Amino acid sequence: MYKTKPTCDCEMPARDPLRVLVLNGTLKHAPDISNTEELTDLVLEAMGTHVPIHADVVRLADREIPVGLNFRESENDDWPEIVGLLKAADVVLFATPIWWGGRSSLMQRAIERLDALDEEYHASGRSALYNKVAGIVITGSEDGALSTMGSIMMVLTWMGFTLPPECAAYWVGEVGFPPSEDRGKRLRNHASQNMAKNLARNLCYYAELLKEHPLVPGGDRLEPIHAREPEMTANIL
């Protein structure tokens, strides 16, 4: 059983602006309210209290992402554009509802399409996902958060992402209650709110550490990034 942890600020290694990419695997199309999106927004809001952030939010249900393992699968494939955002990001949030005990089909699709980057890693010895910090956001109407979280963590760490402590936030409703009633309960749930705040703090801390001290296998050490930019705001795709 998860016990609610206190939330405390900490001194950041730096205050460089961070680029954040959110991959939202909700099955709902915009503008429908997404529980997953709202919990993710709490994380983004909390991150912005620590460092300036620029967030690109991709609702996968509204994008064209064909089945496949290649970088581009069709002329109207949106995945290459998403990969561009992924490579530019310092932090990536994988946000998914639970469907039948596991991550959504759209989150599974995105993970499968990451295989093209994994093939680059095999060929070059350097993952394009190194020095990127990943977090996980999960919502659902019944149980399954912990197993879904664990299966996503396994994929992310083997692909090269850095997972900080307390790298997830979740909300799971009660069995037998209508999902339409979950939203009000989630908004009042202090455990989920505290998880979101601690996740946000740890994402910022480790992202700033990696910007100052990047991991560069097989190459010269990169110079720390000290450039300061004005605070940036969210960009919804």
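Colleague: How much area does the protein expose, and what percentage do carbon and sulfur atoms supply?

Modeller: This is a predicted model, in which local features need pLDDT of at least 70, side-chain atom pairs count only at pLDDT 80 or more, and totals for chains, interfaces and linings use all residues. Residues are numbered from 1 along each chain as its sequence is written, and side-chain values use heavy atoms, without hydrogens and water. By the Shrake-Rupley method with a 1.4 Å probe, where for residues only the protein chains shown count as cover, the protein exposes about 11,800 Å². The part supplied by carbon and sulfur atoms is 55%.

Colleague: Which residues does Met47 contact, leaving aside its neighbours within four places in sequence?

Modeller: Met47 is among the residues with the most contacts inside the largest nonpolar core, which has 62 residues. Such a core is a set of buried Ala, Val, Leu, Ile, Met, Phe, Trp, Tyr and Cys residues joined through side-chain atoms within 4.5 Å. With contact meaning heavy atoms within 4.5 Å, the partners of Met47 are Val20, Ile53, Val91, Ala200, Leu203 and Cys204.

Colleague: Is Asp56, in its salt bridge with Arg19, buried or exposed?

Modeller: A salt bridge places a side-chain nitrogen of Lys or Arg within 4 Å of a carboxyl oxygen of Asp or Glu; for Arg19 and Asp56 the N to O distance is 2.9 Å. Buried means under 20% relative accessible area, exposed over 50%, and partly exposed in between (1.4 Å probe, protein chains only). Arg19, at 30% relative accessibility, is partly exposed. Asp56 has a relative accessible area of 3%, so Asp56 is buried.
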